[in-house]
Amino acid sequence: SPPPSLSPPPLSLPPSLPHSRDLDGVDEAAPYARRPMDYYAATKIAGEKLVLAAAGTPLANGSGRLAVTALRPSGIFGEHDALLVPVAVSKAKAGKMKYIIGRGDNLMDWTYAGNVAAAHVLADAALASRGAGRPPAGRPYFITNGDPRPFWGFMGDLLEGLGYGRPHIKLPFYPLFVISILVAWASAALRALGLAIPPSDFTPARLRIAAATRRLSCAAAG
């Protein structure tokens, strides 16, 4: 168990706001989200705070101080992907990938899995050589390909390469977002009554991801 001073705050998710929350060109100086869009984001924030708060902690054997960093890859794809490609294919088979949420021109930073692995190797080497008192120790770093692409263009390229059709039918973001909030509230109410409601992929968080610009600067990572 972490010391009391490193314990993460309780997770609390206020009601979602009706917009996509673009992140356009932000870097590590940007503050943590005050209202995480879902529990996944909230736990990521809490976990990173724990890790960075532990930076410089004296090691139990007295041999030095703990050197840690936090890497923030965005939109991972590549070999052995168990999320992006399988989910996209499953939705395409079900006829759900014909649609574009919003205008369809929102940019997304993607990260090849090999680049994520290389970033971990380089971070480990830098921490080992520089120690706890110098960067990258104690700091977070965005990791991307440095090649932001339209979200729906990337998904179209992916699906077309696998033999499926590209998304092409545009649906307005705001009406869908409101409906997704109502569906989430109704599902929560039915579960509170003891009914077994299966999880849905039609959630406010997923709609935001599909419609928002997520262009991140990884200049600090070099």
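**Salt bridges, a pocket and a surface patch**

Let me begin with Asp105, which at 44% relative accessibility counts as partly exposed, and I should say at once that the model we are looking at is a predicted one. The side chain of Asp105 meets that of Arg103 in a salt bridge, at 3.2 Å from N to O, and Arg103 is exposed, with a relative accessible area of 63%.

That pair belongs to a wider set, since the structure holds seven salt bridges. Another of them joins Arg72 to Glu48, with the closest N and O atoms 2.5 Å apart; Arg72 lies in strand β2, residues 70-73, and Glu48 in helix α1, residues 39-53, so this pair ties together parts that are 24 residues apart in sequence. Here both partners, Arg72 and Glu48, are buried.

Then there is a network of salt bridges linking Asp157, Glu160 and Arg166, within which the side chains of Glu160 and Arg166 meet at 3.1 Å, N to O. Glu160 is partly exposed at 47% relative accessibility, and Arg166 is partly exposed as well, at 32%.

Turning to the second largest pocket, about 340 Å³ of space lies in it, and of the 16 residues that line it, Ala119, Leu122, Ile143, Ala221 and Gly222 lie nearest its centre. Helix α3 gives the largest share of that lining, six residues, and the lining as a whole divides into 13 nonpolar residues, three polar and no charged.

Finally, on the surface, Val178, Leu182 and Trp185 form a nonpolar patch with about 340 Å² of accessible area together; Leu182, which lies in helix α5, residues 173-192, counts as partly exposed at 48% relative accessibility.

How values were computed. Residues numbered from 1 in each chain as written. Predicted model: local features only at pLDDT ≥ 70, side-chain atom pairs only at ≥ 80, totals over all residues. Heavy atoms only, no water. 1 Å grid on protein atoms, 1.4 Å probe; cavity = no way out; pocket = protein on both sides within 12 Å on 5 of 7 lines; lining within 4 Å. Points joined across faces, edges and corners; volume = space filled by probe spheres on them. Helix = DSSP H or I, 4+ residues; strand = E, 2+ residues; numbered from the N terminus. Nonpolar A, V, L, I, M, F, W, Y, C, P; charged D, E, K, R; others polar. Patch = residues over 30% accessible without salt bridge, like charges linked within 9 Å, V, L, I, M, F, W, Y side chains within 5 Å. Areas by Shrake-Rupley, 256 points an atom, 1.4 Å probe, with all protein chains shown as cover. Salt bridge = Lys/Arg side-chain N within 4 Å of Asp/Glu carboxyl O. Buried < 20%, exposed > 50% of the residue type's maximum accessible area, 1.4 Å probe, protein only.
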